[in-house]
Amino acid sequence: MKKTVQNFTDKRLLTVAVVTVITILLFLFAIFRDNSRTITTKQLDILVKKDLIRESMLKDGYLYVKTSKHIYKIPKQAVDIPRFASIYPLEYSKNYIYIFSILGIFSILILVIIYFIFFHKKHNEELIVLKNSANSISSSKSHETKEDNKIKPIISDITFKDVAGMKDTKVELQELVDFLKNPSKYTKIDIRLPKGVLLAGAPGVGKTHIAKAVAGEVGVPFFYQSGASIVEIYVGMGAKRVHELFEEARKNAPSVIFIDEIDAIGKARGSMGNDEREATLNQLLTEMDGFDSDSAVLVIAATNRVEILDEALLRPGRFDRRIHIPLPDREDRKEILQLYLQNKRHHADIEKLAIMTVGFSSAALSTLVNEAALHAMRDGRKEIFMTDFVSVIENIVSGKRKILNLSDEERQIQAVYQSGKALVATWVDIPYEMIGLSNTIFSDEERSIQSKSDYFNMMMVYLAGTASTEAIYSQRYSIASEDLKKAKELAFKMIEEYSMGESIFPDKKEAEDIMIKALEEVSAMLAKLESVRKNISNYLLVNENIRQEEARELLREIF
Ligand code: ADP
């Protein structure tokens with residue numbers, strides 16, 4: 001800033017100096033310019049006779065005579081100079097014009113030199129400054145794009161032993177770990193493992209954590225990118241970013257790419273398409289198709305909304321392995337709490353805590369332990385007591401995180417609702433991975449051709465919870481809202497899209513009829529199988545989750 005002001009003053013001073021010198025020169029030129037009029041000998045005689053001559057001078061072959069008003073000149077050969085000089089004394093070569101011309105030229109020369117030295121120097125300095133700053137801008141930019149912005153892997157120091165619970169997920173991922181450790185063992189016998197694994201589960205269940213553990217187990221670089229940041233931060237560059245990500249991962253192979261929140265890129269392409277996201281998604285598909293499964297780059301993506309993903313992402317050769325990560329069950333919660341509490345002095349009953357924290361994710365459990373430790377500290381204690389947990393649990397439950405923490409009565413209602421669902425799904429053979437007190441995970445198998453009875457069975461499963469609570473409590477509960485919504489969507493789809501109603505042309509009333517029919521049927525089914533439903537309900541109250549095989553076992557017991 002200071003420097004700019006200084007430059008400005010220098011420039012103004014110089015301009016003033018230049019203007020002054022030029023004005024003086026013009027002034028001198030005006031004064032000493034040869035503005036004399038040429039006269040004849042006769043006219044000179046008249047001036048002599050009238051004695052009008054005040055001064056006379058010989059210069060440049062002329063005789064100059066000055067009267068009080070004018071200057072005249074006459075070639076000296078035309079005049080008898082000695083005679084003239086005897087009358088008027090001559091001044092010789094008082095050559096002001098000449099002197100001033102020389103002086104003028106000199107000044108101009110000096111000015112030009114000053115200008116060149118001064119301005120040119122400044123200009124160059126400025127150029128250098130500009131160039132330097134441009135360089136520094138571009139270098140900082142290139143620094144940013146080439147260095148800070150460069151996709152860099154991290155070396156994960158987390159391994160499977162740092163992941164509490166999640167047994168099934170670990171087992172599924174172990175095979176991939178083995179493949180990354182020793183790809184040739186598999187490729188030799190022509191076994192190709194999936195390029196992409198999709199981890200589906202609620203926020204905070206440990207999707208990122210376990211992906212890091214995979215990289216840590218193998219000891220390979222871990223490339224983390226979030227889908228949302230790819231399309232939001234790098235506007236217009238999403239596709240390029242994806243390309244760079246895969247390129248770096250390939251260079252560093254074997255390696256693990258982890259794309260968090262892949263739904264931000266991979267939402268199903270609807271009519272309201274977003275060009276940017278679509279270009280990014282296409283690039284991702286191209287990259288995934290473009291590398292061999294032997295190339296030892298494993299792509300792990302995470303989402304909590306599999307249902308909104310573009311189908312193209314789920315096709316073979318892309319994210320064809322899907323792993324659901326449920327909320328931790330009681331055993332998992334015990335392990336997770338043990339892990340978080342292992343370096344803390346406490347008197348917590350972990351078993352009891354695990355029961356109190358139904359519906360907590362790993363992240364929520366971590367917050368709980370932290371908050372309890374803070375609570376103890378505020379109280380001036382170094383040890384955490386059960387009372388600390390009890391004091392903070394309410395805050396965590398009612399906090400922003402939507403965590404399910406059920407009272408005993410709520411657990412009962414939830415168990416009645418979910419047991420009805422598990423029973424009907426098992427009976428009508430709708431595959432599910434697990435039905436728990438707080439979540440339902442259906443299997444992914446989706447056949448391309450579905451019959452009317454397939455849809456009808458699915459609708460019965462969606463309505464089973466409602467039928468179950470109606471039978472036991474003569475009530476409907478808000479927990480049914482999601483399932484009812486899905487049942488309605490399905491009913492409309494059946495009638496309007498697939499013309500599975502009585503008439504070919506859709507009639508909205510038929511959707512309602514079909515739902516009422518399904519509800520009646522499912523109620524009848526539950527009434528017949530009440531004892532099994534009760535067993536499943538009890539199983540859920542103890543274990544929180546039930547798998548289809550386990551439900552089948554309970555069903556077999558009574559037949
Ligand atoms: P997500 O990616 O599913 O949203 P994160 O992997 O980010 O969840 O996990 C949230 C927090 O919980 C992290 O601090 C992580 O270290 C911790 N965490 C998650 N799962 C586990 C686990 N199984 N064992 C130990 N810590 C876990």
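**Exercise 1. Sort the residues of the shell around the ligand into nonpolar, polar and charged.**

Solution. In this predicted model, start with the size of the shell: 16 residues surround the ligand. Next, divide them by type: nine are nonpolar, five are polar and two are charged. Finally, pick out the residues that come nearest, which are Ala164, Gly204, Lys207, Thr208 and His209.

**Exercise 2. Work out which helices supply the shell, and where the ligand lies relative to the domains.**

Solution. Begin with the helices that give at least two residues each: helix 7 (207-218), helix 12 (330-341) and helix 14 (362-378). Among these, helix 7 gives the most, with three residues. Now turn to the domains. Domain 2 (158-325) and domain 3 (330-397) both give residues to the shell, so the ligand lies between them.

**Exercise 3. Find polar atoms of the protein that lie within 3.5 Å of an N or O atom of the ligand.**

Solution. Try the backbone first. A polar backbone atom of Lys207 is 2.8 Å from a ligand oxygen, and a backbone N or O atom of Val205 lies 3.3 Å from an oxygen of the ligand. Then look at side chains: Tyr340 places a polar side-chain atom 2.9 Å from a ligand nitrogen. As a last step, consider cover: on its own the ligand has 560 Å² of accessible area, and the protein covers 77% of that.

**Exercise 4. Decide where to read the chain with care, using pLDDT.**

Solution. Take the overall picture first: the mean pLDDT is 81, and 83% of the residues reach 70 or more. Then compare the extremes: helix 4 (residues 96-148) is lowest, at a mean of 53, while helix 17 (residues 452-473) is highest, at 94. Residues 124-147 stay under 50. Where pLDDT is low, the predicted coordinates should not be read in detail.

Notes
Residues numbered from 1 in each chain as written. Predicted model: local features only at pLDDT ≥ 70, side-chain atom pairs only at ≥ 80, totals over all residues. Heavy atoms only, no water. Near = heavy atom within 4 Å. Polar contact = N/O pair within 3.5 Å; in protein donor to acceptor, adjacent residues only side chain to side chain. Areas by Shrake-Rupley, 256 points an atom, 1.4 Å probe, with all protein chains shown as cover. Helix = DSSP H or I, 4+ residues; strand = E, 2+ residues; numbered from the N terminus. Nonpolar A, V, L, I, M, F, W, Y, C, P; charged D, E, K, R; others polar. Domains from an automatic or database assignment. pLDDT = per-residue confidence, 0-100. Contact = heavy atoms within 4.5 Å.
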